[in-house]
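Biologist: I would like a close look at a single part of this protein, explained for someone new to structures. Please take it slowly and show how the part fits with the rest.

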Amino acid sequence: MVDLGDNPFDTTDAIFEWKQPLKKDTFSPETIFHRDEEISLYINALQDVVVGHDPNNIFVFGPTGVGKTAVTKWVRDKLQEKAAEEGVPLHVIGPINCRNYRSAYSLVTSLVNEFREPDNKLPESGYSTDNVFEFLHEEIEAVGGNVLIILDEIDNIPPDARNDFLYDLPRAEANENTPIETAKIGLIGISNDLKFVDVLEPKVKSTLGEREIKFGPYNANELRDILGYYADMAFRDGVLQDEVVPLAAAFSAQERGDVRQGLRILEKAGEYARMSDGNVVTEEHVRQATETIETDELLDYFEDDLSSQQALTYLATTLAIIEPGHEATTKRVYNLYSSIAESSNRPVKSERKLYEFLDQLSMQGLVRSAEQNLGIKGGRKFIYDVTDDPRDILNAALKSSYKNAVPSNAKRVLKSHLEDEASEFQPPDTSDPQQRNLWKFT
Ligand SMILES: Nc1ncnc2c1ncn2[C@@H]1O[C@H](COP(=O)(O)OP(=O)(O)OP(=O)(O)O)[C@@H](O)[C@H]1O
Ligand SMILES: [Mg+2]
């Protein structure tokens, strides 16, 4: 029983010294571990700038949480330092995260504003996209010298901005229709989505990919060093049992080789230790943390970040993916969305609205789409995918307030999806718009 007269908050923390280094990407490490080769490729590609040649365009790719952004920032800082020492004219913009922009207009505007003084910023609307591009060219020419533009998460670049940014911009100096004559533009594009590269036009691919730097996942030993570095800063002396960092490293290596996840496990393990009122973090706390980490993260999305319509759309997309015998087309997602919205007594919005929800989910990095050309029949269709494991998404949905929207046999369908035993289920009749053959809506 809680005595209401007591205040249950603790004023001291026996476990954490400084949580910031464990927090999502808000901390810039002073040391980068185990990326010597990637750093040397990077330095080599940018070396030209320092000695007075034109900058190269660079494409950096690899899975999530493997240091692409961290290494890029580190190399950027070193380059700026050297250029300043040598008196080389260099202006660096970014990394700018494309995920934060919904249209070419908003992305270009923010780039223009990077060059401009606070009292001269461009408004969020009022010009044409061509106009704002002209402003950008003017700003680039006005600063002159080498202009390096770093775009992060370019898989999220607004579709209407793809060619303009990844092809036209790096070639603007060669284009007679732009005012750029003396400035030299180098573009660095970073992506964790290799499917994105496949859909780029060859000319774009070869422009951006003048130099390519691939980041692979970390192995357990590498993660041990990296996580150890953060753990030293984050935890109080002596609270970590010896096995904690190696275990978190082994788990993350097994999953995706992703530092970010390892850091989350350490934070979570520390929190379990703190909740148990002890002053040591044990192997058991790490195990507890790993069991819940993915689901907890997604549960936070369901409860805090997504509107109810977005949550239903996310769930419907996941169901469409595990449904046997089909790809998750917009039509399939919409049918499932309508069924679960209806069965859980929530408003059913139009298909046009669904596109918006899917778009918003993709802005948050939860869903992604690939466009498919329908060949001689003409037209295009979108196939959707979720970026997390459908198992974790369903578990999170079942723990959330959307529990009643999950079909009662979802776990069974999932199991058969995972075992690839689609034969157990007859693919639903495509003429049955509700797909009630398969799903049991409560
Ligand atoms: N080699 C490393 N040494 C030190 N810290 C690292 C290293 N690699 C990654 N980190 C840290 O791990 C976290 C994730 O790395 P980062 O943000 O660079 O990943 P990313 O490859 O850009 O992932 P995403 O594709 O999701 O953006 C950051 O806090 C970063 O500082
Ligand atoms: Mg990144």
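What volume does the second largest pocket have?

Modeller: This is a predicted model, and in it the second largest pocket has a volume of about 270 Å³. Two helices, H4 (129–143) and H5 (162–168), each give two or more residues to its lining. H4 provides the largest share, 4 residues. The lining residues include Asp130, Phe133, Glu134 and His137. Also in the lining are Asp164, Asp168, Leu169, Ala172, Asn175, Asn177 and Thr178. Sorted by class, the lining has 3 nonpolar, 4 polar and 4 charged residues.

Helix H5 leads from the pocket to the strands. The chain runs from strand S3 (residues 146–152) to strand S4 (residues 184–191), and these two strands pair in the parallel sense over 6 bridges. Within this pairing, leucine 148 stands opposite glycine 186 of S4. On its way from S3 to S4 the chain passes through H5, and this β-α-β crossover is right-handed. H5 therefore has two roles in this description: it gives residues to the pocket lining, and it lies on the path between two paired strands.

S4 itself is mostly covered, with 7 of its 8 residues buried. It also pairs with strand S1 (residues 58–61): 4 bridges join the two, and they run parallel. Valine 60 of S1 has isoleucine 190 as its bridge partner in S4, while phenylalanine 61 stands opposite serine 191. S1 also pairs with strand S5 (residues 211–214), again in the parallel sense and over 4 bridges. There, isoleucine 58 stands opposite arginine 211.

The side chains of S1 point in two directions. Ile58 and Val60 point one way, Phe59 and Phe61 point the other way, and all of them are buried. Phe59 brings in another space, since it is one of the residues that line the largest cavity. A search of the whole structure finds 1 cavity of 30 Å³ or more, and the largest cavity has a volume of about 40 Å³. Besides Phe59, its lining includes Val197, Leu200, Lys205, Leu208, Gly209 and Glu212. By class, that makes 4 nonpolar, 1 polar and 2 charged residues.

One further contact involves the loop that follows S3. Arginine 99 forms a salt bridge with glutamate 153, and their closest N and O atoms are 2.8 Å apart. Arginine 99 is in the loop between strand S2 (90–97) and helix H3 (104–115), and glutamate 153 is in the loop between S3 and H5, so the pair ties together parts that are 54 residues apart in sequence. At 27% relative accessibility, arginine 99 counts as partly exposed.

This contact is one of 21 salt bridges found in a search of the whole structure. Another joins arginine 264 to glutamate 297, with the closest N and O atoms 2.0 Å apart. Arginine 264 lies in helix H10 (residues 259–275) and glutamate 297 in helix H11 (residues 283–305), so this pair ties together parts that are 33 residues apart in sequence. Arginine 264 is buried, with a relative accessible area of 19%.

Terms used
Residues are numbered from 1 along each chain as its sequence is written. Chains are lettered from A and ligands numbered from 1 in the order in which they are written. This is a predicted model: local features need pLDDT of at least 70, side-chain atom pairs count only at pLDDT 80 or more; totals for chains, interfaces and linings use all residues. Side-chain values use heavy atoms; hydrogens and water are left out. On a 1 Å grid over the protein atoms alone, a cavity is a set of points where a 1.4 Å probe fits but cannot get out, and a pocket is an open set with protein on both sides within 12 Å along at least five of seven lines; lining residues have an atom within 4 Å of a point. Grid points are joined across faces, edges and corners, and a volume is the space filled by probe spheres set on the points. Ala, Val, Leu, Ile, Met, Phe, Trp, Tyr, Cys and Pro count as nonpolar, Asp, Glu, Lys and Arg as charged, and the others, Gly among them, as polar. Buried means under 20% relative accessible area, exposed over 50%, partly exposed in between (1.4 Å probe, protein chains only). Two strands pair if DSSP finds at least two bridges between them. A crossover is right-handed if, with the strands pointing away from the viewer, the path from the first strand over the helix to the second runs clockwise. A salt bridge is a side-chain nitrogen of Lys or Arg within 4 Å of a carboxyl oxygen of Asp or Glu.
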